[in-house]
Amino acid sequence: EGAAPIPDPERPTVHYPAYTVTIRYGEDAKVTLSSDVWCVILMDAIRKSCPVHRDETGTLDLAGPSGEPLGLSNEENRTSLAREYLQERATYILVNVMPPAEGAEPEIVPLLTLPEGSEEVLFPEAGGKKDAKGGKKK
């Protein structure tokens, strides 16, 4: 009596802390990480948790529904809390921000490949500003 109930192994319970975000990347994979850390710590955790092939000349970042990078890797944001830039329990797409050519905008490359036949729009609020569809698996 008074003992905690024994968890049912057929129905595991997962409790995430309040300040978490889900990162989508790679071949339609995702990982949930805490956003209650400095931006530099979150981006380091993303690099270790999300193995993706990318052009190393770009900067790893996250993008929300608008497709705009959030600037978590920017030098001035490194020691800010990531939760100041990220909505609690929201989902973000891992992107590679390529340096702009002279006089051009930086190129935002989603590092998420959707399954073949998927009609999902990665950046529903992009408003036609950029390619809002993810890469397709070949």
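1. The chain has a mean pLDDT of 83, with 80% of its residues at 70 or more, pLDDT being the predictor's confidence in each residue on a scale from 0 to 100. This is a predicted model, in which local features need pLDDT of at least 70 and side-chain atom pairs count only at pLDDT 80 or more, while totals for chains, interfaces and linings use all residues. Residues are numbered from 1 along each chain as its sequence is written, and side-chain values use heavy atoms, with hydrogens and water left out.

2. Among the elements, strand β3 (residues 59-63) has the highest mean pLDDT, 95, and strand β7 (residues 135-136) the lowest, 40. Across residues 128-138 the pLDDT is below 50, although this stretch has 28 contacts in the model beyond near neighbours in sequence, a contact meaning heavy atoms within 4.5 Å. Where pLDDT is low, the predicted coordinates should not be read in detail.

3. The secondary structure consists of 1 helix and 7 strands, in the order β-β-α-β-β-β-β-β from the N terminus; these are DSSP runs, helices being H or I over at least four residues and strands E over at least two.

4. S73 sits in the loop between β3 and β4, and a polar atom of the S73 side chain lies 2.6 Å from the backbone oxygen of L60. Leaving aside residues up to four places away in sequence, S73 touches M43, R47, T59, L60 and D61.

5. Of the 138 residues in the chain, 34% are buried, that is, under 20% relative accessible area with a 1.4 Å probe, protein chains only. Among contacts between residues at least 6 apart in sequence, 55% join residues at least 24 apart.

Notes:
Polar contact = N/O pair within 3.5 Å; in protein donor to acceptor, adjacent residues only side chain to side chain. Buried < 20%, exposed > 50% of the residue type's maximum accessible area, 1.4 Å probe, protein only.
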